[in-house]
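Dear colleague,

Here is the structure I promised to hand over to you. Please have it open while you read my notes below.

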Amino acid sequence: MANAPDLGDTAALTHVDAVLHEVFSGIAILCELAATVCARAAGEGRKPTTDELASIRPTVLEHLARESPPLAGTGVIAAPGVLADEPRWLEWWRTADGRESPYRLSVDLDPHNVGSYEYPSARWFDVPRRTGRRVVVGPYVDYAGTDEYILTFAGPITTADEFFGVAAADIRATDFELAMLPLLDAAGRQAFLVNTQGRIIASNTPDAIVGSMRRSAQSDGPQVPRGQEWADCDGLPWTLVRP
């Protein structure tokens, strides 16, 4: 019979796997749709347009309507120069308090302007571009984009071995913590999740605040998720800590 900590570890593995599967399955669908748009245009000897990329919009809005976990935003971010009519582009939709419907994110994409959204240098874009790996980033404050405290999950879009951009999803840190509370409560009265940089990403105790760094005196715990399925994802695994 498994002891109490084992049951907590099993619950953690199952719950984290389920949340990551939900998020990255949506990203994989958007990657496939965007790659299809790109391949169709390439078959005609041209680059795709922003209007053609907008054909993924119904699926983006469908993903935003999901509640477990709720997404703050999702969509596709095109690499510079891959579209025919815009040098840089985000087909990105988000939700916000006080708005009944999702709306498209509008930011300054002119790299010559001070304060423009330099997304090519963001880790959630740069890691998939350089390595072809998926990535989890955060929690962090997206000062240049949404000004929210979020986690970003992203995957590369490639067609004919060419990098087109990334599909990604944002989850607000507060919503992510709520999604993780069942596993934290199963793990113990005081438990928290720490990312690969040692930053706390979810907690069920006021002694460990989300966004703070783990104290060196706190012991390590089991890593979640496990297995080769997540070996291609930068930013994983997380560590479940029970001080």
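What follows describes the nonpolar core, one helix and a pocket.

This is a predicted model, in which local features need pLDDT of at least 70 and side-chain atom pairs count only at pLDDT 80 or more, while totals for chains, interfaces and linings use all residues. Residues are numbered from 1 along each chain as its sequence is written, and side-chain values use heavy atoms, with hydrogens and water left out.

The largest nonpolar core (buried Ala, Val, Leu, Ile, Met, Phe, Trp, Tyr and Cys residues joined through side-chain atoms within 4.5 Å; buried means under 20% relative accessible area with a 1.4 Å probe, protein chains only) has 67 residues. Its largest share, 11 residues, comes from α1 (helices are DSSP runs of H or I with at least four residues, strands are runs of E with at least two, and both are numbered from the N terminus). Trp 124 and Trp 238 are among the residues with the most contacts inside this core. Leaving aside residues up to four places away in sequence, Trp 238 touches, among others, Val 16, Phe 153 and Leu 193 (contact means heavy atoms within 4.5 Å).

Trp 124 is also one of the buried residues of helix α4, residues 123-131, together with Phe 125, Asp 126, Val 127 and Pro 128. The buried residues of α4 pack against β1, β4, β5, β6 and β10, and the helix is followed by Gly 132, whose phi is positive, near 75°.

Finally, the lining of the largest pocket includes Cys 38, Arg 46 and Phe 163, and α1 and β6 each supply at least two of its residues (a pocket is an open set of points on a 1 Å grid over the protein atoms alone, where a 1.4 Å probe fits, with protein on both sides within 12 Å along at least five of seven lines; lining residues have an atom within 4 Å of a point).

Best wishes

How values were computed: Buried < 20%, exposed > 50% of the residue type's maximum accessible area, 1.4 Å probe, protein only.
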